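Please consider the structure shown below with attention to its cysteines and to the pairing of its strands.

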Amino acid sequence: QGHLIESGGGLVQAGASLRLSCAASGLTFRSYCMGWFRQAPGKEREFVATIGWRGATTHYADSVKGRFTISRDNAKNTVYLQMMSPQPEDTAVYYCAAAGKYIIARRADEYDYWGQGTQVTASS
């Protein structure tokens, strides 16, 4: 079965940037749409961004559009989320996910595999 491992989370100060990484194994990475979701305490899991099989198609939640960038490197089986100056409202556990049945996917129930999550805490 597929396994996803996120890394790069932590405490980020005002004005700084953060890049999350997700390394995939046990699946044909180039055949999966990849996505990022986040969940804050007491909140429902929220869609953040998704990227198609070849990286040409992307979609972002309105709350992060223009501030975050999703990308992938199929040669490295890795997907990234570049966070430019995260704000306190971005504080959450961030999850990487893989969807094999869709070119692009925005709903959590469309994804087949999930990572363990990485904590991001942003201060003002």
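The following paragraphs treat the cysteines and then turn to the strands.

The model is a predicted one. It holds one disulfide, and this link joins cysteine 22 to cysteine 96, with an S to S distance of 2.1 Å. The angle about the S-S bond is -80°, and the link of cysteine 22 and cysteine 96 is left-handed. Cysteine 22 belongs to strand β3 (residues 18-25) and cysteine 96 to strand β9 (residues 92-99), so the disulfide ties together parts that are 74 residues apart in sequence. A disulfide is a covalent bond between the sulfur atoms of two cysteines.

Are the two partners buried or exposed? Cysteine 22 has a relative accessible area of 0% and is therefore buried; cysteine 96, with a value of 0%, is likewise buried. Cysteine 33 is in no disulfide: the nearest cysteine sulfur, which belongs to cysteine 96, is 10 Å away. A disulfide requires the two sulfur atoms to lie within 2.5 Å, so that separation excludes a link. Cysteine 33 also counts as buried, at 0% relative accessibility.

Strand β9, which carries cysteine 96, leads on to strand pairing. β9 and β11 pair in the antiparallel sense over three bridges, and valine 93 has glutamine 119 as its bridge partner in β11. Strand β2 (residues 10-12) also pairs with β11, in the parallel sense and over three bridges; here threonine 121 of β11 is the bridge partner of leucine 11.

Strand β11 itself spans residues 118-122. Thr118, Val120 and Ala122 form its covered face, whereas Gln119 and Thr121 form the uncovered one.

Notes
Residues are numbered from 1 along each chain as its sequence is written. This is a predicted model: local features need pLDDT of at least 70, side-chain atom pairs count only at pLDDT 80 or more; totals for chains, interfaces and linings use all residues. Side-chain values use heavy atoms; hydrogens and water are left out. Helices (H or I, at least four residues) and strands (E, at least two) are DSSP runs, numbered from the N terminus. Buried means under 20% relative accessible area, exposed over 50%, partly exposed in between (1.4 Å probe, protein chains only). Two strands pair if DSSP finds at least two bridges between them.
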